[in-house]
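Subject: Structure for your files

Hello,

Here is the structure I said I would pass on. Please look it over before reading my notes below.

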Amino acid sequence: MEVGLVLLFGMTLLVAYSNGANDNFKGVATLFGSKVTTYKAAIAIATVATFAGSVCSVFLADSLVKAFSGKGLVPDAIAASPIFLIAVAAGAALTVILATIKGLPVSTTHGLTGALVGAGFVAAGGDLNLSQLGATFVMPLLFGPIISIGLAAPLYLTLHGASQRLGITRETCVCVESAQFVPVRLLQSNPSSQHYSMPLLEPFRNNVIIGSMKDCVDKYRGEFFGFSMQRIVDLVHYFSATAVSFARGLNDTPKIVALLVVVRAFDIRFGMVTIAAAMAIGGLLNARKVALTMSQKISKMTDGQALTANLVTAFLTIFASKLGLPVSTTHVSVGAIAGMGLVNGTADKRVLGTILLSWLFTLPMAALISGIAYIVIRATA
């Protein structure tokens with residue numbers, strides 16, 4: 001039993017690590033994508049805010065711990081079995097790690113759900129409660145991205161119309177750089193000599209560089225009650241990104257720590273802190289590939305569009321956490337960013353198609369891995 005608990009603890013930390021690697025940057029992706037801040041600053045904000053959300057989840061997200069313990073989905077005896085929980089952790093962790101290596105933003109929630117189903121089907125067979133699965137897991141996961149797209153687009157159009165009525169406009173940058181020109185031809189000092197003089201250097205000049213549209217960054221002009229509108233947008237953007245990261249920690253940590261507390265061998269507070277630390281390390285070390293997909297490949301956004309996407313993501317994730325609904329921050333965030341891409345016409349349908357395909361494969365792959373893991377562990381126990 002002691003070996004089983006140690007293995008369960010290690011596998012749960014692996015789930016948390018993979019979650020951090022795939023999910024931590026999603027809350028600040030719009031900050032980096034709209035060039036408000038650098039990658040290092042963005043991941044630092046995400047790490048601190050996610051950790052804070054993880055700590056607060058001790059007090060606010062008890063229902064999620066219960067939902068992801070497997071109780072109600074499989075008989076209580078199986079749900080409390082370390083073998084079952086290790087198999088679930090293995091299925092979720094390996095699925096999310098594989099997606100992270102490919103730079104695909106998938107849902108740890110989706111991975112855990114699939115792993116619960118796979119291990120539960122092998123362990124419980126006909127006793128698997130499919131009605132519980134549909135009501136508690138599938139519906140929130142399915143409607144999360146749809147609702148986020150439905151909220152993001154009209155909210156931005158409303159805010160955009162309000163900004164125009166207030167006389168707030170946008171300006172596009174022009175890049176100017178200093179350059180030194182060296183003449184191509186060499187000057188001979190003596191026509192009969194093979195020696196050449198040194199080339200003359202022209203002085204530094206300022207040059208206007210015309211780049212592509214994707215390199216341009218629109219900024220807001222005008223003031224609101226005496227404050228620069230661009231500064232207000234940036235501050236609210238930082239706040240919204242912090243809120244998304246906080247909400248993600250609030251929503252995801254209980255799902256992972258449920259794997260530990262169900263066997264009553266770990267204190268919930270100890271579990272939350274260790275899971276939060278593993279998530280932070282995963283984000284700091286392995287978040288870059290998914291970060292580039294989320295911030296640069298799905299769609300291009302102005303500051304206002306990026307801010308709108310973050311506000312929608314934060315609202316839906318925090319609201320779902322309070323209700324105990326296991327929505328995916330990934331699905332909600334990608335949905336909101338895609339909604340902005342549909343509004344401004346920059347959504348990359350090929351990238352979105354690849355992401356949607358990875359979502360379709362997440363649940364069955366996690367189920368397959370966890371089912372195999374349960375068979376192997378039970379046979380060797």
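What follows is a summary of the helices, their packing and the cores.

The model is a predicted one. The protein has 14 helices and 6 strands. Of its 381 residues, 51% are buried. Taking contacts between residues at least 6 apart in sequence, 85% join residues at least 24 apart.

Cores

The largest nonpolar core has 39 residues, and Val74, Phe84 and Val88 touch the most other members. Helices α1 (2-23), α5 (76-79), α6 (82-101), α7 (108-124), α9 (229-261), α10 and α14 (349-380) each contribute at least two residues to this core. The largest share, 9 residues, is from α6. Another core, of 37 residues, lies apart from it; Val36, Tyr39, Ala42 and Ile298 are among its members. As background, nonpolar side chains in soluble globular proteins tend to be buried together.

Packing against α14

Two of the helix pairs I looked at involve α14.

The axes of α6 and α14 come within 8 Å and cross at roughly 140°. That angle makes the two helices oblique, because only angles over 145 degrees count as roughly antiparallel. In this pair α6 passes α14 in a right-handed crossing. On the α6 side the contact is made by Ile83, Phe84, Ile86, Ala87, Val88, Ala90, Gly91, Leu94, Thr95 and Leu98. Their partners on α14 are Thr362, Met365, Ala366, Ile369, Ser370, Ala373, Tyr374, Ile377 and Arg378. Phe84 and Val88 thus appear both in this contact and among the core residues that touch the most other members.

α7 and α14 pack with their axes 7 Å apart, at an angle of about 40°. This pair is oblique as well, since an angle has to be under 35 degrees to count as roughly parallel. The crossing of α7 and α14 is right-handed. From α7 the contact uses His110, Gly111, Thr113, Gly114, Ala115, Gly118, Ala119, Val122 and Ala123. From α14 it uses Trp359, Thr362, Leu363, Ala366, Ala367, Ser370, Gly371, Tyr374, Ile375 and Arg378. Thr362, Ala366, Ser370, Tyr374 and Arg378 of α14 are listed in the contact with α7 and also in the contact with α6.

α9 and α10

Helix α10 covers residues 268-286. At 1.5 Å a residue, its 19 residues should span 27 Å, and the end C-alpha atoms are 27 Å apart, so the two values agree. Buried residues in α10 are Gly271, Met272, Thr274, Ile275, Ala276, Ala278, Met279, Ala280, Gly282 and Gly283.

α9 and α10 pack at an angle of about 120°, with 9 Å between their axes. They are therefore oblique to each other, and α9 passes α10 in a right-handed crossing. Arg248, Thr253, Pro254, Ile256, Val257, Leu260 and Val261 of α9 meet Ile268, Gly271, Met272, Ile275 and Met279 of α10. Of these α10 residues, Gly271, Met272, Ile275 and Met279 are buried. An α-helix has 3.6 residues a turn, so residues three or four places apart point the same way.

A loop residue

Glycine 345 sits in the loop between α13 (329-344) and α14. Its relative accessibility is 63%, so glycine 345 counts as exposed. The C-alpha atom of glycine 345 is separated by 8.4 Å from that of serine 299, although the two are 46 residues apart along the chain.

Regards

Conventions:
Residues are numbered from 1 along each chain as its sequence is written. This is a predicted model: local features need pLDDT of at least 70, side-chain atom pairs count only at pLDDT 80 or more; totals for chains, interfaces and linings use all residues. Side-chain values use heavy atoms; hydrogens and water are left out. Helices (H or I, at least four residues) and strands (E, at least two) are DSSP runs, numbered from the N terminus. The expected span of a helix is 1.5 Å times one less than its number of residues. Buried means under 20% relative accessible area, exposed over 50%, partly exposed in between (1.4 Å probe, protein chains only). A nonpolar core is a set of buried Ala, Val, Leu, Ile, Met, Phe, Trp, Tyr and Cys residues joined through side-chain atoms within 4.5 Å. Axes are lines fitted to C-alpha atoms, for helices over the stretch in contact, and angles run from 0 to 180 degrees between N-to-C directions. Angles under 35 degrees count as roughly parallel, over 145 as roughly antiparallel, 65 to 115 as roughly perpendicular and the rest as oblique. A crossing is left-handed if the near helix is turned anticlockwise from the far one by less than a right angle, and right-handed if clockwise. Contact means heavy atoms within 4.5 Å.
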